[in-house]
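Work through the exercises below with the structure open. Try each task before reading its solution.

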Amino acid sequence: MNASPLIDTLGRVHTSLRISVTDRCNIRCFYCMPDENIRFLPRQEILTFEEIERFVRVVAPLGIDKLRLTGGEPLVRHGLPQLVSRLAAIEGIEDIALTTNGILLAEQADALKAAGLQRLNISLDALTEATFRRIARRDGLDRVIAGIHAAQRAGFERIRLNAVAIKGITEPEIVPLARFARDNDLEMRFIEFMPLDAENNWQPDQVLSGEEIREQLEAAIGPLEPAERPDPSQPAMDYQFIDGGGSIGFINPVSQPFCGDCNRLRITAEGKIRNCLFSTVEWDARALLRAEASDAQIADLVRDCVLAKKPGHGIDSDQFLRPSRAMYQIGG
Ligand code: SAM
């Protein structure tokens with residue numbers, strides 16, 4: 001098998017893979033999922049742990065060394081720690097992270113840590129119950145907070161909190177979230193609202209930019225300075241409070257796209273490879289995995305996907321076309 005790195009036509013070297021393990025979720029955030037009448041993927045369409053492991057065994061020699069498990073909500077997939085330990089055993093995999101809404105984390109944090117999970121991002125958009133419910137259309141704030149503390153007790157360090165920033169909703173939450181992160185030794189990140197909601201309601205004027213949030217934080221808490229940027233492919237621009245009290249990251253895909261440094265590939269729960277969140281084309285790895293294709297054939301498919309990567313997502317272009325999938329069907 002040709003084991004040269006996964007480099008696209010613009011020279012971007014792909015080392016990071018986001019693996020969606022399910023499209024199901026236990027909440028219904030309006031910026032991601034429909035509230036009702038959802039047709040989730042049938043069980044047999046979702047990649048098995050064996051199939052995910054095989055795929056990672058094929059791409060690791062091509063230079064993929066960083067994995068992130070996501071969904072849907074990854075913790076609703078039964079036995080997730082088993083998958084983590086299988087992936088952690090693959091030669092070349094150096095980092096395994098998980099993005100979760102935290103609702104089931106208190107029950108699973110110890111097992112995930114023991115399985116070899118290294119890093120955790122926990123989504124938390126609001127600290128007030130009413131706003132949490134307005135966004136998630138379900139209850140659960142107390143469970144998320146309990147999940148964060150359980151993860152810290154389990155030994156996870158540098159846990160990140162991710163909040164999607166939506167104009168008209170997020171403004172009163174910004175300072176309390178940043179203070180909560182400062183007080184609890186967590187890193188806070190704000191993500192601009194992207195056009196990936198299932199109900200197709202996204203409008204550009206709902207995007208609360210990272211810049212606006214930074215101004216609000218500096219006015220209320222104190223000056224921020226840019227932090228060192230050891231990994232240029234990381235999506236967040238990180239800042240730290242100059243009094244040393246914590247760090248804040250801004251993921252600004254809409255106001256300041258970072259596609260030029262993108263090193264990420266994605267595989268959906270049913271095994272479609274994607275080279276961008278906003279891609280309208282997919283490469284079917286499951287068909288090969290289930291047809292007993294060789295490692296070389298699977299690797300070639302991944303290379304085709306990488307070579308077709310566009311320079312940018314184009315949200316700001318007149319020709320921008322939303323993907324037909326919403327975020328929960330891709331894996332954020
Ligand atoms: N269920 C897990 C969670 O809540 O973290 C993992 C999947 S979720 C799709 C991954 C991340 O994508 C979350 O932080 C979520 O808030 C974010 N997200 C979902 N839809 C988004 C959108 N339209 N714009 C920006 N971020 C979004």
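**Exercise 1. Decide how strand S5 sits in the structure: enclosed or open?**

Solution. Start with the residue range: strand S5 covers residues 95–100. Helices (H or I, at least four residues) and strands (E, at least two) are DSSP runs, numbered from the N terminus. Next, count buried residues, where buried means under 20% relative accessible area, exposed over 50% and partly exposed in between (1.4 Å probe, protein chains only). Six of the six residues of S5 are buried, so the strand is largely enclosed by the rest of the structure. Now split the strand by side: Asp95, Ala97 and Thr99 point one way, Ile96, Leu98 and Thr100 the other way, and all are buried.

This is a predicted model: local features need pLDDT of at least 70, side-chain atom pairs count only at pLDDT 80 or more, and totals for chains, interfaces and linings use all residues. Residues are numbered from 1 along each chain as its sequence is written, and side-chain values use heavy atoms, with hydrogens and water left out.

**Exercise 2. Find which strands pair with S5, and in which sense.**

Solution. Two strands pair if DSSP finds at least two bridges between them. Take strand S4 (residues 66–70): S4 and S5 pair in the parallel sense over four bridges. Here Leu67 stands opposite Ile96. Then take strand S6 (residues 119–123), which pairs with S5 in the parallel sense, also over four bridges. Asn121 in S6 is the bridge partner of Thr99.

Now trace the connections. Helix H2 (residues 80–88) joins S4 and S5 in a right-handed β-α-β unit. Right-handed has this test: with the strands pointing away from the viewer, the path from the first strand over the helix to the second runs clockwise. S5, helix H3 (residues 105–115) and S6 make a right-handed β-α-β unit as well.

**Exercise 3. What is the nearest side chain of opposite charge to Glu73?**

Solution. Locate Glu73 in the loop between S4 and H2. Its nearest side chain of opposite charge is Arg28, 10 Å away. A salt bridge needs a side-chain nitrogen of Lys or Arg within 4 Å of a carboxyl oxygen of Asp or Glu. Glu73 has none, yet is buried. Then check the backbone: the nitrogen of Asn101 lies 2.7 Å from a polar atom of the Glu73 side chain.

**Exercise 4. Explain why Cys32 forms no disulfide.**

Solution. A disulfide is a pair of cysteine sulfur atoms within 2.5 Å. The structure holds zero disulfides. For Cys32, the closest cysteine sulfur is in Cys29, 6.5 Å away, so the distance is too far for a bond. Cys32 is buried, at 14% relative accessible area.

Key: Lys, Arg positive; Asp, Glu negative; His and termini not counted. Polar contact = N/O pair within 3.5 Å; in protein donor to acceptor, adjacent residues only side chain to side chain.
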